[in-house]
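Biologist: I would like a close look at the side chains that pair up through opposite charges, and then at whatever surrounds them. Please take one residue as the starting point and build the picture outward from there.

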Amino acid sequence: MFNTKTKSVLLALVMLVAAVSGAMAAASYDNETTSTSTTSDLVGGETVTDLDNSSVNKTLEVQSDNATSGDDFTLKFAVNDADSDQDGEVIYETGDSWTATNETEGYYNYTFDHATVFKNLERDAGENVTLDVRTVVNESETSEEVAEIQIYAQNDQNSAVGVVGDGDSGLSLADSGSAYSFSLPFTNSSDEAGAAQASEDVGVNATNTTTVRLELSNASASDAGSAAISELETGAYAASSYGQFDGQFVPVFVDSADAEWLDTETDTYATIDSEGDTITYHNVNEAVDEDGTVTAKATVNDNAGFIQAWNTLGNYDIGSGERVSLAIDSLDTNGTPFDDE
């Protein structure tokens, strides 16, 4: 039999263990319909595909002991793959509010679309990347809870994505902008965007890979991209930007290409989106001869110069008059700020 003193000690130990267990309590992804009629689309181990599709949605449902509202949640997707250059990086994070499905018992859910979450996930054609899906409740508070699972993001053979962000060796920034970024005397030009050059190696399939996307996740680079197209309409030739794919110079257009001299089915060219942070290379299978790693490179808000533009446009079915006109548009009065163009 235990004496009173021994019982007191045991009781204290039980209470301590209970307290510690409570502090370390983990939230969980809901895989049953007992407390709610819905479940989480992801509970660990799933392979997700169609990564660029904004119409494909997933819903996460989490049960938490400590959440008091949908504003208590932080969702993070992080790469956990030694074969990826992004290993350890958070590629997506949001503090958006979650929806209560059973507030009394702490069930909340959140819906995301593939294109938004996987936009900055670097991936070769056909590559499978391991990701951690981490939901944090009351982050950095004593009541913090964490629910974490692993999933697999399977890329198709038709596309590849390179991401250039802060501190990447493939990113160069310069103060000078394009030839159209003139400032009047005695005005303050400190707020003008500079130029940026981004470069990333990606793996492609020579037969099937038709598009390669280069994401500028650095704020200064995306500002430069936005400035380069700020005065242009959709479909226009972007004279203050140019692309290079596997060593071949290609013209850049805003969002889509609208030029009679360009065959959008077979010619290799690039587009820059309306936000200025995504450069997409089209028909890249026409520019490569074999499977492997190629370099995607883009310079934004810095003109290629007359000679380079003239030579680039000569690879397309363009008349001499328009070729001269666009090459003149590409004149670079600031000189090049990048040494390795």
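Biologist: Which description fits glutamate 139, buried, partly exposed or exposed, and at what relative accessibility?

Modeller: Glutamate 139 counts as partly exposed, at 33% relative accessibility, where buried means under 20% relative accessible area, exposed means over 50%, and partly exposed lies in between, using a 1.4 Å probe and protein chains only. Before going further, please keep in mind that this is a predicted model, in which local features need pLDDT of at least 70 and side-chain atom pairs count only at pLDDT 80 or more, while totals for chains, interfaces and linings use all residues. Residues are numbered from 1 along each chain as its sequence is written, and side-chain values use heavy atoms, with hydrogens and water left out.

The side chain of glutamate 139 meets that of lysine 76 in a salt bridge, 2.8 Å from N to O, the term being used for a side-chain nitrogen of Lys or Arg within 4 Å of a carboxyl oxygen of Asp or Glu. The pair ties together parts that are 63 residues apart in sequence, because glutamate 139 sits in the loop between β8 (128–137) and β9 (145–154), whereas lysine 76 belongs to strand β4 (residues 73–79). Those element names follow DSSP runs numbered from the N terminus, with helices being H or I runs of at least four residues and strands E runs of at least two. Unlike its partly exposed partner, lysine 76 is buried, with a relative accessible area of 16%.

A search of the whole structure finds 7 salt bridges, and one of them joins two strands already mentioned as the borders of the loop that holds glutamate 139. In this bridge the side chains of glutamate 148 and arginine 134 meet at 3.0 Å, N to O. Since glutamate 148 lies in strand β9 and arginine 134 in strand β8, the pair ties together parts that are 14 residues apart in sequence. Both residues are partly exposed, glutamate 148 with a relative accessible area of 43% and arginine 134 with 30%. Elsewhere, salt bridges that share partners join Asp52, Lys119, Arg123, Arg213, Glu215 and Asp277 into one network.

Within that network, the side chains of aspartate 277 and lysine 119 meet at 3.9 Å, N to O. This pair links distant parts of the chain, 158 residues apart, with aspartate 277 in the loop between β17 (269–272) and β18, and lysine 119 in the loop between α2 (114–117) and β8. Aspartate 277 is buried, with a relative accessible area of 17%, while lysine 119 is partly exposed at 25%. On the other side of β18 (278–282), in the loop that leads to β19 (292–300), asparagine 283 has a positive phi near 55 degrees although it is a residue other than glycine, and at 11% relative accessibility this asparagine counts as buried. A positive phi of about 55 degrees is also found at aspartate 246, again not a glycine, which lies in the loop between β14 and β15 and counts as partly exposed at 39% relative accessibility.

The strands β14 (241–245) and β15 (248–250), together with α4 (306–313), each supply at least two residues of the lining of the largest cavity. A cavity here is a set of points, on a 1 Å grid over the protein atoms alone, where a 1.4 Å probe fits but cannot get out, and lining residues have an atom within 4 Å of a point. The search finds 1 cavity of 30 Å³ or more, and about 80 Å³ of space lies in the largest cavity, a volume being the space filled by probe spheres set on grid points joined across faces, edges and corners. Of its 15 lining residues, the closest to the centre are Tyr237, Ser241, Tyr242, Ala304 and Thr312. Helix α4 gives the most to this lining, with 4 residues. In contrast to the charged pairs described above, the lining divides into 10 nonpolar, 5 polar and no charged residues, where Ala, Val, Leu, Ile, Met, Phe, Trp, Tyr, Cys and Pro count as nonpolar, Asp, Glu, Lys and Arg as charged, and the others, Gly among them, as polar.

Key
1 Å grid on protein atoms, 1.4 Å probe; cavity = no way out; pocket = protein on both sides within 12 Å on 5 of 7 lines; lining within 4 Å.
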